[in-house]
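Me: Please take a close look at a single part of this model and describe its setting in detail. I would then like the account extended outwards to the parts around it and beyond.

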Amino acid sequence: MAATLSESELLALVSALSDGAWHSGEALAADAGITRAALAKRIAKLSAWGLDVEARVGLGYRLAQPVDLLDAKRIRRALPELARDRLRRVDVIAITDSTNQRLAEADASADPQALFAEFQSAGRGRHGREWVSPFGANVYLSLAWTFPHWPAQITALPLAIGVACARALRAQGVDGVALKWPNDLLVGGKKLGGILIEQRGEGGGACRAIVGVGINVSMQDARGITQPWTSVASVIGKTPSRNAIAAELLAQLVLALEQFAERGFAAFATEWDRLDLTRDQPVRIEAGKDSYEGVARGLDRNGALKIETSSGVRHALAGDVSLRVKT
Ligand code: BTN
């Protein structure tokens with residue numbers, strides 16, 4: 001039986017190619033101590049991870065775009081003291097199914113803990129959709145956080161996290177970020193990132209939230225994505241540092257979770273209103289078998305979206321429903 005390729009062997013190859021320059025097949029194979037045929041198998045595997053590897057006779061191989069591999073130590077060092085002290089773990093994993101799934105199965109006594117991945121084979125989006133997660137192109141982050149007591153306004157947590165992500169992106173020079181209720185991050189009407197929060201706990205007791213965030217950073221290939229999307233690189237017009245975005249995002253999430261535990265959604269409401277893309281727009285709400293149309297009129301104090309319908313104002317809670325802006 002053919003031996004399966006180990007993750008570390010493949011990562012060593014990504015690392016050798018990460019500068020985006022041409023590398024001869026002969027040198028790559030010699031450095032790895034393998035034959036040219038074995039090298040070709042490893043290259044094919046990198047393509048399956050979503051990496052665009054170019055091959056040219058006489059030149060060898062190169063990545064169509066350089067990869068800035070994530071580095072847990074660099075990310076930790078770039079965090080402000082508050083976040084660094086608060087976080088028990090910050091890890092980077094190369095390949096996984098879903099960072100949310102990994103932390104859901106991790107020991108909660110190590111919370112708050114953060115996990116980044118270079119590639120997700122089963123990245124999860126909202127409403128059971130897949131989150132397309134090619135290798136080394138974006139940021140995939142999960143942060144597991146245990147609140148000692150179930151926060152009163154937990155249904156508004158996704159909105160607070162949306163504000164935190166917008167703050168992080170702004171700090172990294174990404175202008176024009178807006179939020180489509182409850183927490184899609186958009187620029188110019190195209191999706192830049194998304195948030196999936198999965199929580200467990202019992203009323204009155206502790207509540208554990210796995211906050212998952214995916215931000216498109218320098219993704220170029222839209223394979224599998226069915227809606228209009230953009231990336232930080234397209235918005236700012238240059239390739240940003242993924243490590244810098246990762247650290248900023250994590251710092252803002254920690255700050256937001258602290259603020260949310262202390263002050264609830266009140267700490268975010270004004271900022272959310274400023275970022276609200278759906279304000280005064282005709283929308284359609286789908287909540288299982290119940291669907292209705294109306295005009296979005298901003299949030300109530302618990303973060304529910306107020307929809308003015310022909311039969312009065314209805315309040316839609318995040319998590320239960322999906323929203324479409326009618327064009
Ligand atoms: C959405 O559908 O808009 C939410 C997407 C959330 C994706 C992130 S990527 C990191 C974390 N791990 C997952 O499997 N999903 C979230």
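**A buried aspartate and its surroundings**

Reply: D111 counts as buried, because its relative accessibility of 9% falls under the 20% limit used for that class. The model is a predicted one, and the description below applies to it as such. D111 is placed in the loop that runs between helix 6 and strand 4. From this loop, its side chain makes two polar contacts with other side chains: one with T146, at 2.7 Å, and one with R208, also at 2.7 Å. Setting aside residues up to four places away in sequence, D111 touches R88, A144, W145, T146 and R208.

These contacts lead into the neighbouring sheet. Strand 5 covers residues 139–147, the range in which A144, W145 and T146 fall, while strand 9 covers 207–215, the range that holds R208. The sheet itself is open and has 7 strands in the order 3-4-5-9-8-7-6, with mixed pairing. Strand 3 (89–96) and strand 6 (177–180) occupy its edges; each has a single partner strand, so one side of each is left without a neighbour in the sheet. From one strand to the next, the twist averages 20°.

Within this sheet, strand 4 (residues 113–120) and strand 5 run antiparallel and are joined by 5 bridges. One position in this pairing is given by A117, which stands opposite Y140 in strand 5. As a rule, the strands of a sheet pair through backbone hydrogen bonds, in either a parallel or an antiparallel sense.

Which residues does S142 touch, apart from those up to four places away in sequence? This residue lies in strand 5, and its contacts are T99, N100, L103, Q113, A114, L115, I210, V211 and G212. The side chains of S142 and N100 are joined by a polar contact of 2.5 Å. S142 has a relative accessible area of 0% and is therefore buried. Helix 6 spans 99–104, the range that includes T99, N100 and L103. S142 thus has contacts on helix 6 as well as Q113, A114 and L115, which fall in the range of strand 4, 113–120.

Another element in contact with the sheet is helix 7 (residues 157–171). This helix lies across strand 5, strand 6, strand 7 (184–187), strand 8 (190–201) and strand 9, and it runs at about 140° to strand 8. Residues of helix 7 also meet L275, a residue of helix 10 (residues 269–275). Leaving aside neighbours within four places in sequence, L275 is in contact with V163, A166, R170, V177, A178 and L179. L275 is buried, with a relative accessible area of 11%. Between L275 and L185, which are 90 residues apart in sequence, the C-alpha to C-alpha separation is 9.6 Å.

The largest pocket holds about 960 Å³ of space. Among the 43 residues lining it, R129, W131, D184, K191 and Q227 are the closest to its centre. Helix 6, strand 5, strand 7, strand 8, strand 9 and strand 14 (322–325) each give two or more residues to the lining.

Strand 14 belongs to a second open sheet, of 5 strands in the order 13-12-11-10-14, in which the pairing is antiparallel. Strand 13 (312–316) and strand 14 stand at its edges, each with a single partner strand, so one side of each lacks a neighbour in the sheet. The twist here averages 40° from one strand to the next.

Strand 10 (residues 282–287) and strand 11 (residues 290–299) are paired over 6 bridges in the antiparallel sense. Within this pair, E293 in strand 11 is the bridge partner of R284, and A287 stands opposite D290. Their hairpin has 2 residues between the strands, and G288 takes a positive phi near 60°. Strand 11 also pairs with strand 12 (residues 305–309), in the antiparallel sense and over 3 bridges. Here the bridge partner of V295 is E308, in strand 12. The hairpin of strand 11 and strand 12 has 5 residues between them, and G303 in the turn has a positive phi of about 85°.

A C-alpha distance relates the two sheets: S142 in strand 5 and E308 in strand 12 are separated by 35 Å, and they lie 166 residues apart along the chain.

Conventions
Residues numbered from 1 in each chain as written. Predicted model: local features only at pLDDT ≥ 70, side-chain atom pairs only at ≥ 80, totals over all residues. Heavy atoms only, no water. Pairing = 2+ DSSP bridges. Helix = DSSP H or I, 4+ residues; strand = E, 2+ residues; numbered from the N terminus. Axes fitted to C-alpha atoms, helices over the stretch in contact; angles between N-to-C directions. Contact = heavy atoms within 4.5 Å. Buried < 20%, exposed > 50% of the residue type's maximum accessible area, 1.4 Å probe, protein only. Polar contact = N/O pair within 3.5 Å; in protein donor to acceptor, adjacent residues only side chain to side chain. 1 Å grid on protein atoms, 1.4 Å probe; cavity = no way out; pocket = protein on both sides within 12 Å on 5 of 7 lines; lining within 4 Å. Points joined across faces, edges and corners; volume = space filled by probe spheres on them.
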